[in-house]
Amino acid sequence: MGKIAIIIGAGPAGLTAAYELVTKTNIKPIIIEKTNDIGGLSKTVVHNGNRMDIGGHRFFSKSDVVMQWWQNILPLQGSGSKDDILRDIYYHHKKNSIKLSANGPDPEKTDRVMLIRKRLSRIFFLRKFFDYPVTLNSKTIANLGFARIAKIGFTYLWARTFPFKKIKSLEDFFISRFGTELYKTFFRDYTQKVWGVPCSEIAADWGAQRIKKLSVSRAIKHAVRSIFRKDKTINRKDVDTSLIEQFMYPKLGPGQMWETVAKLVEEKGAVIIKNSDVIGLDISENQVCEISYFDHTTNLKNVVKGDYYFSTMPVKDLIAAMGNKVPECVRNVGLNLQYRDFITVGLLLNQLKIKNDTGNYTVGGLVPDNWIYIQEKDVKIGRLQIYNNWSPYMVADTGKIWIGLEYFCNEGDELWQMTDADFIRFAINELHQIDIIDRDEVIDQTVIRVPKTYPAYFGTYSQFDVVSDFTDGLENLFLIGRNGMHKYNNQDHSMLTAITAVNNIITGEKSKKNIWEINTEENFHEVKKN
């Protein structure tokens, strides 16, 4: 019999590991998934024919390996998608600058296709729209007023002239990059919405990983270059993720990618066990010996043994599952790691109150944003997704508007404890209050709750190396993915951790340092194909 790899979690990292194993080795993957869904945080939720992307997932990476990996699963479109066709009809054949793939599939005829989409994200603040990242243009000056703009400029120059000697917190990181006034205007309150604590209590690592190359000077340079640049392809390594102008996206949402991968690995012999909680890991002599899990479908406890173990489950839960064999210092750090939870309300509407004033052509005059950051202080909503703009196939009726209202919370807090009906009413009233929708235009609604969406950079995070040193010492255990590494990884980062881990097994590399280095270096760690 061949060797077996036990993979905890059927999200991007877990399924990437499985795919790499079945295509490059003789190791059989057995995946244990907590829910009945495929895709983890990148799943697609379907409600009455309308599809939701929880959190919004742009398929873009600076890694050639990841970009090609995605296209091997879902090829790029070769013909216009539904809203491209409608746009041509309604706007006199004015076309966008996107380059379609030669001989690629037609999304009007097949589902297995990757679309190319325009990226636009803006900030909604003072009941007005601002560019994201914020740019110094006439609209920004008019929205903020000359006095505030002058203060922003002065404090930015001050921060650059007299930089911090040591960046201790996320607040220090923001001020050093943007100046005090710009930080207070656009970063402080929104970041506290996301994390529930002040920026001064969050480690600077979050900024270093999420917006490490975003700055005022780089944003200005990007804007100037965009005027003269003719290259509009998606394969742009010189552009930061926050500044990209277009991205790939599966026709039926991000979950389509991972549902397709799941079918492929099953066809090659992998086993996926759903609706099952991992409840125990037996460890001995620097090895994981077996995993026990409870199958909620059969109501039975099962034990499975493997040669290799990949974990994408929250580190807090992983350490708890190891029981009393974990040193007390490791257990104390692991069990006190913090997370931020997530609630999305899906609303189907006849129309929005906000209109498209960007000059970008859209069907029916819909605002062209993929998502909008809501920075108004009088509401708790953090972000607004417009699913029509991610893919026109996300909404069953293209004449309707399908949106997602995103809230950051803690499991058990006031927001989390609301009933679904109360939360939906609360969310509708908030968008009505800030004049984005008219509550009477709502046709349908749903609510989705996702625990442990964001690993937090406070609590015992500053001591996390105590945990990682311990888990790295278990030779056949590989921590991969966002929650698996307690690291705010994007989807492509999570995939690279899985690809690197499998590559280490293939090459006999014992150190796991290269896995932890992903999303910490200036450039992505590339894994060469064998």
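## A loop with a cis bond

Start in the loop between β7 (128-131) and α4 (138-144), where you'll find Pro133. The peptide bond leading from Tyr132 into Pro133 is cis, and its omega is near -10 degrees. That's worth a second look, because most peptide bonds are trans. Keep in mind as you look around that this is a predicted model.

## The seven-stranded sheet

Strand β7, just before that loop, also belongs to a sheet. What is the strand order in this open sheet of seven strands? Reading across, you get β7-β6-β15-β16-β17-β14-β18, and the pairing is mixed. The edges are taken by β7 and β18 (442-459), each with a single partner strand, so each of them has one side without a neighbour in the sheet. On average, neighbouring strands here are turned by 25 degrees against each other, direction ignored.

Zoom in on one pair from the middle of that list. Strand β14 (residues 337-349) runs antiparallel to strand β17 (residues 401-409), and nine bridges link the two. For a landmark, find Leu347 and look opposite: there sits Ile403 in β17.

## Hairpins and odd phi angles

Now move to β10 and β11, which pair in the antiparallel sense over eight bridges. One of the matches is between Gly280 and its bridge partner in β11, Ser292. The hairpin of these strands has two residues between them, and Glu285 takes a positive phi there. Glu285 lies in the loop between β10 and β11 (287-295), and its phi is about 50 degrees although it is not a glycine. Why point that out? Because most residues other than glycine have a negative phi.

Is Glu285 buried or exposed? Glu285 has a relative accessible area of 74%, so it counts as exposed. Compare that with Asn275, in the loop between β9 (271-273) and β10. Asn275 has a positive phi too, about 55 degrees, and isn't a glycine either. But Asn275 is buried, because its relative accessible area is 17%, and the cut-off for buried is under 20%.

The next hairpin joins β11 to strand β12 (residues 300-304), an antiparallel pair with five bridges. Tyr293 has Asn302 in β12 as its bridge partner. This hairpin has four residues between the strands, and Asn299 takes a positive phi near 60 degrees in it.

## Salt bridges, far and local

How many salt bridges does a search of the whole structure find? The count is 21. One of them joins Asp111 and Lys251, whose closest N and O atoms are 2.8 Å apart. Asp111 lies in the loop between α3 (82-90) and β5 (114-118), while Lys251 lies in the loop between β8 (246-250) and α10 (254-267), so the pair ties together parts that are 140 residues apart in sequence. The two ends have their own settings: Asp111 is partly exposed at 40% relative accessibility, whereas Lys251 is buried at 6%.

Another bridge brings together the side chains of Asp282 and Lys325, at 2.8 Å from N to O. Asp282 is in strand β10 (residues 276-284) and Lys325 is in the loop between α11 (315-321) and α12 (328-335), so this pair ties together parts that are 43 residues apart in sequence. Asp282 is partly exposed, with a relative accessible area of 28%, and Lys325 is partly exposed as well, at 44%.

For a local example, go to helix α15 (residues 420-433), which holds both Asp422 and Arg425, three residues apart, or about one turn of the helix. Their side chains meet in a salt bridge, 2.3 Å from N to O. Asp422 is partly exposed at 35% relative accessibility, and Arg425 is partly exposed at 49%. Salt bridges can also share partners: that's how Arg122, Lys139, Asp357 and Asp369 are joined into one network.

## A nonpolar patch outside

Which residues form a nonpolar patch on the surface? They are Phe154, Trp158 and Phe162, and together they have about 390 Å² of accessible area. To find the patch, follow helix α5 (residues 146-161) until you reach Phe154. Phe154 has a relative accessible area of 54%, so it counts as exposed.

Notes
Residues numbered from 1 in each chain as written. Predicted model: local features only at pLDDT ≥ 70, side-chain atom pairs only at ≥ 80, totals over all residues. Heavy atoms only, no water. Salt bridge = Lys/Arg side-chain N within 4 Å of Asp/Glu carboxyl O. Buried < 20%, exposed > 50% of the residue type's maximum accessible area, 1.4 Å probe, protein only. Patch = residues over 30% accessible without salt bridge, like charges linked within 9 Å, V, L, I, M, F, W, Y side chains within 5 Å. Areas by Shrake-Rupley, 256 points an atom, 1.4 Å probe, with all protein chains shown as cover. Pairing = 2+ DSSP bridges. Axes fitted to C-alpha atoms, helices over the stretch in contact; angles between N-to-C directions.
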